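Reader: I am in my first year of study and would be grateful for a close look at a single part of this structure. Please explain each term as it arises.

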Amino acid sequence: MTDKTPVTILGLGAMGTALATALIEAGHPTTVWNRSPEKARPLVERGATRAATVADAAAASPLVIACLLDHEVVDALLGPAADVLSGRDLVNLTNGTPEHARTAAAWAAGHGIAYVDGGIMATPPLIGDPAAAFVLYSGSRAAFDRHRETLGALGGARFLGEEPGLAALYDLALLSAMYGMASGVRHAQAMVGDERAEAFSAEYLAPWLQAMAGPIAMGAAGDDSDSPLGMQAIGLANIVEGARGEGTPMSLLTHMLTPMRDIVAAGYDDLLPPLIDEIAQA
Ligand code: FVH
């Protein structure tokens, strides 16, 4: 017997599996459900219980955590289980927009479900390490408070407020910064060339980006006296000229286009081309 809250995880992709693993390791009776049931096997071997249906999974725990591909999937799976979810706490850690979160919160309220939306700021291997992973939450404060300790097993738990869309807003804003940085990193590595890229990244690029986190923490608006904009404009022009001179592809400088092209290359081209055209013409 344990006094740890039973938890259900819906969705055993890379992230759902990491969440379930962290909860099992923290001693929570853990029920799992996934569309492809074979993904539950390693978790069952570690002590989880596999439910055959979403409704069975929801019925097993007072706290139900959804971590699925997108909100269409969440809606399709949870809609038919609304009666079972009624009276339980639902934490939705599926990536989405603030409007998705507000819509889900309104739906949940209509069915007597306490709803918390969330944004996971970590990759799966970091889950369970509060020093490396944090998860943003917004929505029902009562539900968050009931499960603060349990959610802490996943990573640092940060409650942003009762406006359900806040966690999604902060999540997307942070991801936007990450994609911008990742594109800049790719450009930097291309500038120094393949032969130098590995040592350059370890010895200079990573420490440099870590050092730059300090000024970022001081906020975007306001004082630029340490780094005047006029000086920065010349620096930016030098980056362009320097990259051109070294033969670095100019396309890598369009930092926001780069991850979008990756997404197109990954086969999601039906979602992005109009957006790419729009930015390219700007
Ligand atoms: N992995 C990461 O690095 C990021 C970190 C930040 C947070 N994200 C978000 O977490 C959500 C889940 O991501 P994931 O990494 O687990 O994604 P996948 O490995 O692709 O797993 C997707 C799960 O969704 C299930 N699923 C997909 N379509 C359906 C459907 N039509 N009906 C039922 N389930 C469906 C899928 O099931 P299966 O393919 O295994 O049968 C997986 O359980 C996501 O919002 C990230 O943005 C992760």
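Author: Arg-102 and Glu-99 are three residues apart in helix α6, residues 98–110, so about one helical turn separates them. Helices are DSSP runs of H or I with at least four residues, strands are runs of E with at least two, and both are numbered from the N terminus. An α-helix has 3.6 residues a turn, so residues three or four places apart point the same way. Arg-102 and Glu-99 form a salt bridge, and their closest N and O atoms are 2.9 Å apart. The term salt bridge requires a side-chain nitrogen of Lys or Arg within 4 Å of a carboxyl oxygen of Asp or Glu.

The model is predicted: local features need pLDDT of at least 70 and side-chain atom pairs pLDDT 80 or more, whereas totals for chains, interfaces and linings use all residues. Residues are numbered from 1 along each chain as its sequence is written, and side-chain values use heavy atoms, with hydrogens and water left out.

Both partners in α6 are partly exposed: Arg-102 has a relative accessible area of 35%, and Glu-99 stands at 46%. Buried means under 20%, exposed over 50%, and partly exposed in between, with a 1.4 Å probe and protein chains only. The pair also belongs to a wider arrangement, a network of salt bridges that links Glu-99, Arg-102 and Glu-163.

In total, the structure holds five salt bridges. One of them joins the side chains of Arg-148 and Asp-145, with 3.2 Å from N to O. Here, too, the two partners are partly exposed, Arg-148 at 43% and Asp-145 at 40%.

Another salt bridge joins Asp-89 to Arg-146, with 2.9 Å between the closest N and O atoms. This pair connects distant parts of the chain, since Asp-89 belongs to strand β5 (residues 89–92) and Arg-146 to helix α7 (residues 141–146), 57 residues away. Asp-89 counts as buried because its relative accessibility is 6%.

Strand β5 also contains Asn-92. With a relative accessible area of 0%, Asn-92 is buried. Its side chain makes a polar contact of 2.9 Å with the side chain of Thr-94. A polar contact is a pair of N or O atoms within 3.5 Å; within protein, one must be able to donate a hydrogen and the other to accept it, and residues adjacent in sequence count only if both atoms are side-chain atoms.

The ligand may be considered next. Its shell consists of 20 residues, and Asn-34, Arg-35, Ser-36, Lys-39 and Asn-95 are the closest; a residue is near if one of its heavy atoms lies within 4 Å. The shell comprises 11 nonpolar, seven polar and two charged residues. In this division Ala, Val, Leu, Ile, Met, Phe, Trp, Tyr, Cys and Pro are nonpolar, Asp, Glu, Lys and Arg are charged, and the others, including Gly, are polar.

Oxygen atoms of the ligand come within reach of both side-chain and backbone atoms of the protein. An N or O atom in the side chain of Lys-39 lies 2.6 Å from a ligand oxygen. For Leu-68, a backbone N or O atom is 3.0 Å from an oxygen of the ligand, and for Asn-95 a polar backbone atom is 2.8 Å from one. The protein buries 72% of the 910 Å² that the ligand exposes when taken alone, an accessible area from the Shrake-Rupley method with a 1.4 Å probe, while for residues only the protein chains shown count as cover.

Two helices, α1 (14–25) and α4 (71–78), each give at least two residues to this shell. The largest share, three residues, belongs to α1. Nine of the 12 residues of α1 are buried, so the rest of the structure largely encloses this helix. Among the buried ones are Met-15, Gly-16, Leu-19, Thr-21 and Ile-24. The end C-alpha atoms of α1 are 17 Å apart, in agreement with the 16 Å that its 12 residues should span at 1.5 Å a residue; the expected span is 1.5 Å times one less than the number of residues.

Helix α9 (residues 166–192) has 27 residues and reaches 39 Å from its first C-alpha to its last, close to the expected 39 Å. Its buried residues include Ala-167, Asp-171, Val-185 and His-187. Gly-193, just after α9, takes a positive phi of about 95°.
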